[in-house]
Structure formats: C-alpha cells, structure tokens
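Q: I'd like to learn how to read domain contacts and helix packing. Can we go through it with a real case?

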Amino acid sequence: MGLKMLKLIHIENIKTFGKWRTGIGFAAIGVLLPLIMIAMGLDMRHGPAALAERTVRGLREDFLVVGSIFNGFSAAYIVMNSLWVHIPFLIALVAGDQVAGEGAAGTFRITLIRPVSRTQVITAKLATTFLYTVFLILFLALLSLGFGIAFFGRGDFLVPRPKEILVLLEAETWLRFGLAYLLAIWAMWTVASLALFLSTLAENSLGPVIGTMAIVIASLIISKMPFELFKMIRPFLFTTYMDGWLKAFQDPVPWQHIATSTLYLGIYTLSFFLLSLLVFNRKDILS
Amino acid sequence: MNSDIVLRTQGLSKRFGRRFVINDLNLEVYRGDVFGFLGPNAAGKSITIRMLLGLVKPTSGEIELFGHSLQKSPKKALAKIGGIVEKPDFYLYLSARRNLEILGALSGGVNKEKNAQVLALVGLTDRAKDKVKTFSHGMKQRLGIAQALLSDPDLVVFDEPTSGLDPQGMKEVRELIVRLSQEQGITVFLSSHLLHEIEQVATRMAIINRGELMVQGDVKKLLGGLEDAVLLRVAPLERAADLLRKQTWISSISVNGDSLKVTLPHSLVPRMNALLVENRIEVSAMVPRRLLEDYFLSITGEA
C-alpha cells in the first residue's frame with residue numbers, strides 16, 4: 001500500500017470519525033449493553049422464568065443441571081445475537097453514508113477536482129469503513145464480556161445448544177470468543193461493502209441504509225424459512241455464510257465449514273467492492 | 001498574448017437520456033487569460049465546468065488541460081488546477097483549517113504556511129479554527145476561493161465566485177481575480193451571469209446558449225464595436241429629442257416612456273450634456289447603460 005493511499009485513508013478516517021453519526025453505534029452499544037446486563041441481572045431473580053434460564057431450558061429437559069450455569073460468557077454469547085440485525089444496522093449507518101453522504105453534502109465538488117483517482121477514493125472509504133467495523137465489534141466484545149463478567153462472574157462456559165451439552169473450559173472459552181469476534185468482523189465487512197456499494201448508487205444516505213437492512217433482513221428470512229424454493233436460493237445469499245461466529249462455539253470447531261463461509265463472504269465483499277468501483281468511476285457528480 | 005493553450009475542448013458533448021445539454025463545444029483558453037464564460041440559465045455552463053474538472057464524464061469529445069487529456073491522464077491534467085463549482089460546500093463539522101489540510105493532502109500535500117497564506121488572502125485567519133458550519137455564505141465563498149488557490153494552480157476555474165457576497169466582497173473578489181492574473185500569471189476561467197463582472201475582469205470570453213457555443217473571442221474586439229446608451233430624463237422631452245436628432249454624432253434616439261434612450265460613443269456623452277444645457281433643456285437624470293446586455297441577449301436569442 002502506497003504512502004498516498006495511507007494518506008487518503010487517514011483523510012477518510014478524519015472525515016468519518018469526526019461525524020456525529022459515527023458515534024451513534026458506539027453510543028448505542030455503550031448505553032444499551034449495561035442496561036441489558038442490568039436487565040438480565042434483575043431477570044435472574046425470577047428463577048426458571050428468567051431469560052438466562054430459558055436459554056438453557058432445552059438442557060434441563062435432558063440433563064440434570066445443578067447450580068448456576070449462567071455467567072458472563074453466557075451473557076456475552078446472548079449479546080452476540082445482535083450480529084444478525086442490530087450491528088449490521090449500525091454499520092450500514094456509517095458505510096451507507098460514505099459516498100451518498102458526500103454527494104448530498106456537495107463535498108465531492110471540492111475533492112474530486114483534485115489529482116486523485118476515484119478508485120483510490122473508494123478504496124480509502126472501504127478501508128475506513130472496515131476500520132470502523134473492527135472498532136465497533138471490538139467495542140461490543142469489550143463491553144459485553146466486561147460487563148458480563150462484572151455482573152455474572154466467569155468460569156467454564158456452558159454453550160446453549162439444544163439436545164446436547166457442551167461445556168468449554170474457561171481458558172478455551174476466551175479463545176473461542178476471540179475466534180467468534182474475528183469471524184463476526186469478517187461477516188460484518190461484507191455488510192459494510194454492501195452498504196458502500198448501495199451508497200455509490202444513491203444521492204442521500206437514507207436509501208443505502210434502508211436498502212442494506214432490507215437485503216439483510218429479507219435474506220435472513222429466506223435463510224430461515226423451510227420452503228424448497230428458499231432452499232434453492234439460500235446458497236446464493238451472503239447471510240447464509242454469516243453464521244461463522246456461531247460455529248466458533250462448536251466442538252470440534254468445524255474448520256471446513258468456517259473456511260467455506262469465510263471464502264464465500266470474501267467473494268461477496270470483493271464483488272460489492274468491485275461493483276462500487278465500477279459505479280463510482282462512471283458516476284456523474286451532479287449534486 | 002501568450003499563445004500557449006492551457007485548456008482546450010474539442011467536440012465536447014454531454015447527453016442525458018436523449019437530450020444534449022452540451023453539443024460540440026470547442027473552447028480555447030490561453031495562458032494568462034481571464035476567460036469569461038457567459039450564458040443564460042440552463043445554457044450548460046455548470047455542466048461544462050463539471051466536465052472540465054472531471055466531475056461529469058463527457059458523452060463525446062476531448063478535454064485537454066495543459067496538454068494532457070483529462071479522460072486519459074486525469075491526475076496529470078488536474079495537477080495544476082484549482083476551482084470552485086457552484087456554491088462552495090465543505091465538511092461543515094470540521095474547522096476551516098482542517099478542511100484545507102484535507103484538500104491540500106488530496107492535492108499532493110500542502111504545508112501549514114500555505115494554508116495560513118490562503119486563509120489570510122481571503123481574510124479568514126481569525127476564523128481558521130472555527131467549524132465551517134458556523135460560517136456565513138460569504139465566508140464559505142471566500143473559503144472556496146482559498147481552497148482553489150491552495151495548491152498554487154496555474155489555472156483556476158471559478159463558477160459564480162461572487163455569488164452571495166456583499167458589494168464590498170464582490171469588489172474584493174474581482175480585484176483578486178485581476179491580481180491573480182496580472183501579478184501571478186494565473187489563468188482564470190470565470191463563469192458568471194453578471195455581464196458587467198465579465199466586462200470588468202475578462203480578457204477573452206465565450207457565450208453559450210442551449211449547450212452550443214455562440215461566440216468566443218477577445219472581449220475588447222467583441223464589444224469594441226458597441227456603443228453606450230444613455231437614458232435621459234429631460235424637460236421638455238420633445239424639444240430635447242428634436243435637438244439631438246439633428247446631431248450627426250448621435251447614432252439613435254428613441255422615446256422610452258418619460259425618458260429618452262440615446263445611443264452614442266461613450267466619449268461623446270459630455271458633449272451631449274453640454275449641448276442640452278446650452279439649449280436650456282433641464283437634465284434631471286442621465287443614466288449610462290452599456291450595451292453588453294443587449295449584445296448578450298441578441299447573441300443568445302433572448303431579446
């Protein structure tokens with residue numbers, strides 16, 4: 001990567017992280033996570049009706065479970081389910097604004113008249129969006145594990161899975177969470193590149209955000225519904241491969257499945273990026 | 001005049017759908033020119049400027065800047081250019097200085113001294129640390145000029161640079177344009193709908209209408225044959241009209257409501273005034289009117 005590219009990425013970082021909308025994701029996680037942990041703590045007082053208990057209800061039907069099987073890791077695991085819809089929304093909020101937001105603000109009229117290629121601009125924007133995604137997921141990891149352990153303690157992690165019992169030793173659990181968050185970042189990069197691509201098509205940032213979420217939610221619905229037609233479509237949806245982080249908690253770790261999902265997500269990310277380049281390089285700046 | 005061509009368009013056209021907004025435009029701007037680019041609303045001025053600066057892709061035709069094809073070598077072509085396209089928009093949540101740092105970096109790197117210099121040039125030194133969202137339109141316009149000059153350009157493209165400025169600000173910008181051209185040898189491409197602005201500062205000009213070039217050339221040559229018109233408020237009107245009609249050095253006279261519109265060379269206006277006074281005709285108002293407007297309207301077919 002050349003010096004010029006690094007400079008462009010630095011510029012995009014200044015622009016992106018200087019915006020209030022970039023802080024929304026961190027603020028949402030920062031405010032909601034402690035609240036969720038407090039709510040979980042209060043809920044625990046309700047015994048079998050508690051959310052924590054409900055997550056392992058399946059286990060109690062087949063196994064005799066004594067004592068508390070819910071700890072900070074369990075809480076962080078529950079919070080990770082936000083990776084399906086909530087975190088993609090926070091990512092789309094920033095990635096969807098990268099091109100469309102500048103178009104609407106009219107700032108392309110002072111940047112693109114300079115000796116810098118549009119390919120470099122889009123590449124820098126993608127890199128910045130990826131960086132934001134990393135920070136957001138790390139922030140989620142830090143807070144969910146931090147607050148989870150502070151509220152519920154730590155220990156071996158009983159993975160909530162139906163009809164089977166899997167207990168990961170604490171030392172192993174840290175590694176599994178590390179792997180899960182890495183896979184989550186990889187999956188969210190695909191969402192980010194989709195939002196960036198839609199951003200190159202739009203003149204304001206609302207469209208790409210809504211568009212990204214519509215695609216993610218519709219794809220998730222198709223992925224879950226047990227119809228033959230949907231089964232045929234499923235292999236072509238990137239959301240089908242977004243479950244890598246869940247696989248990190250299986251034993252043994254299904255590396256083949258993870259590698260395949262990672263490869264497919266990489267192909268989708270690259271495709272969205274190339275489409276973004278194609279559209280942006282041909283785009284007339286009329287705003 | 002230096003015959004170096006810094007900007008040339010050949011057969012430049014832009015089509016949106018089936019409609020050509022620019023059709024076969026051939027422009028030539030020479031080094032050192034203050035090139036006035038005139039046209040009525042929707043003539044295609046802004047689209048042309050956007051094409052010249054690489055914001056809009058031409059449907060056909062060539063754009064050459066400093067001998068480099070904009071389509072084939074955009075980085076080389078844009079390396080020596082600064083510009084403002086329509087109203088200046090910035091990153092409102094960043095300071096003026098931060099905006100210039102970003103734009104300077106995009107231009108290949110500009111040092112702090114240069115940033116300070118251009119801010120001082122447009123009188124924004126005291127507001128350098130303030131976020132641009134706190135700026136008035138006039139201040140943004142001045143910051144727009146500052147960013148255009150940031151990378152020591154050889155050609156500056158100004159699109160309505162005095163828009164939104166108060167009369168003093170407009171005067172300062174016009175003086176700045178003349179200074180840039182005369183003292184620093186910067187070529188200026190100036191789009192404006194203010195005819196007198198072009199007349200005051202431009203050395204060459206082009207008029208376009210409905211996307212087509214109507215005329216292009218030296219301002220003095222194009223306007224040189226034109227005479228001034230003067231609107232006179234006189235009493236008695238009919239006697240004044242009869243008196244002036246007898247003068248061979250007056251080109252034309254017409255009654256325009258309660259005034260007389262007299263066409264004559266500019267140098268003869270004092271002689272006309274003296275003649276009226278000598279003949280005891282009361283002159284209550286004498287309003288000069290340049291015929292550039294009439295010329296423009298006749299060229300663009302709007303008359």
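Q: How many residues of domain 1 of chain B are in contact with domain 2 of chain B?
A: Two residues are in contact when their C-beta atoms, placed from the backbone, lie within 7 Å. Here, 9 residues of domain 1 of chain B touch 8 residues of domain 2 of chain B. Bear in mind that this is a predicted model, where local features need pLDDT of at least 70, side-chain atom pairs count only at pLDDT 80 or more, and totals for chains, interfaces and linings use all residues. Residues are numbered from 1 along each chain as its sequence is written, while chains are lettered from A and ligands numbered from 1 in the order in which they are written.

Q: Which elements supply the domain 1 side in chain B?
A: Helices (H or I, at least four residues) and strands (E, at least two) are DSSP runs, numbered from the N terminus. In chain B, α7 (195-201), β10 (204-209) and β11 (212-218) each give at least two residues to that side.

Q: Where do the domains of chain B lie along the sequence?
A: Bounds come from an automatic or database domain assignment. For chain B, domain 1 is 5-223 and domain 2 is 225-300; their centres, over C-alpha atoms, are 38 Å apart.

Q: And at what angle do α10 and α14 of chain A pack?
A: Axes are lines fitted to C-alpha atoms, for helices over the stretch in contact, with angles from 0 to 180 degrees between N-to-C directions. Helix α10 (170-201) and helix α14 (255-282) of chain A pack at about 20 degrees, axes 8 Å apart. So α10(A) is roughly parallel to α14(A) (angles under 35 degrees count as such).

Notes:
Parallel < 35°, antiparallel > 145°, perpendicular 65-115°, else oblique.
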